[in-house]
Amino acid sequence: MAEKVTLGLRADTLARARAAAAEEGLTLSAWLDRAVRREALRQAARRHEEWLTANPDVRDELDGFDRLAEKLETNWNDLSDAA
């Protein structure tokens, strides 16, 4: 369930957000929720990449798993093909 919050946005930012939401057929709340989630994921991915850079042995191990998975690939498009 969504929580209601009060936000302060600059007038130009609010106008852009409203226009973008309308263009995509979303409510302003839904558009902002999606935008915030995307930004949080981008930041998490950046922190993960920084951590992998600081831990090259882990990156090498993950790269090895990726190479193995590519060798074992069975041409599934997604898991629904497994059923």
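Hi everyone, let's start with helix 1. At 1.5 Å a residue, its 13 residues should span 18 Å, and the end C-alpha atoms are 18 Å apart, so expectation and model agree. I should say right away that this is a predicted model.

What comes after that helix? Helix 1 is followed by Gly25, which has a positive phi, near 70°.

Now let's step back to the whole chain. How many helices and strands does the protein chain have? There are 3 helices and 0 strands, and reading along the sequence gives the pattern α-α-α. Of the 83 residues in the chain, 5% are buried. The accessible surface comes to about 7600 Å², and carbon and sulfur atoms account for 56% of that.

Let's look at two places on that surface. The first is nonpolar: Val5, Leu7 and Leu9 make a patch of about 300 Å². Leu9 sits in the segment before helix 1, which covers 11–23. Is Leu9 buried, exposed or partly exposed? Its relative accessibility is 39%, and because partly exposed runs between 20% and 50%, Leu9 counts as partly exposed.

The second place is charged. Which residues gather in the patch of negative charge on the surface? They are Asp57, Asp60, Glu61, Asp63, Asp66, Glu70 and Glu73. One of them, Glu70, lies in helix 3, residues 56–72. Glu70 has a relative accessible area of 63%, so it is exposed.

While we are on helices, here is a handy general point: an α-helix has 3.6 residues a turn, so residues three or four places apart point the same way.

That's my tour, thanks for listening!

Conventions: Residues are numbered from 1 along each chain as its sequence is written. This is a predicted model: local features need pLDDT of at least 70, side-chain atom pairs count only at pLDDT 80 or more; totals for chains, interfaces and linings use all residues. Side-chain values use heavy atoms; hydrogens and water are left out. Patches are made of residues with over 30% relative accessible area and no salt bridge: like charges are joined within 9 Å, nonpolar side chains (Val, Leu, Ile, Met, Phe, Trp, Tyr) within 5 Å. Accessible areas come from the Shrake-Rupley method with a 1.4 Å probe; for residues, only the protein chains shown count as cover. A salt bridge is a side-chain nitrogen of Lys or Arg within 4 Å of a carboxyl oxygen of Asp or Glu. Helices (H or I, at least four residues) and strands (E, at least two) are DSSP runs, numbered from the N terminus. Buried means under 20% relative accessible area, exposed over 50%, partly exposed in between (1.4 Å probe, protein chains only). Lys and Arg count as positive and Asp and Glu as negative; His and the chain ends are not counted. The place of a charge is taken as NZ of Lys, CZ of Arg, CG of Asp or CD of Glu. The expected span of a helix is 1.5 Å times one less than its number of residues.
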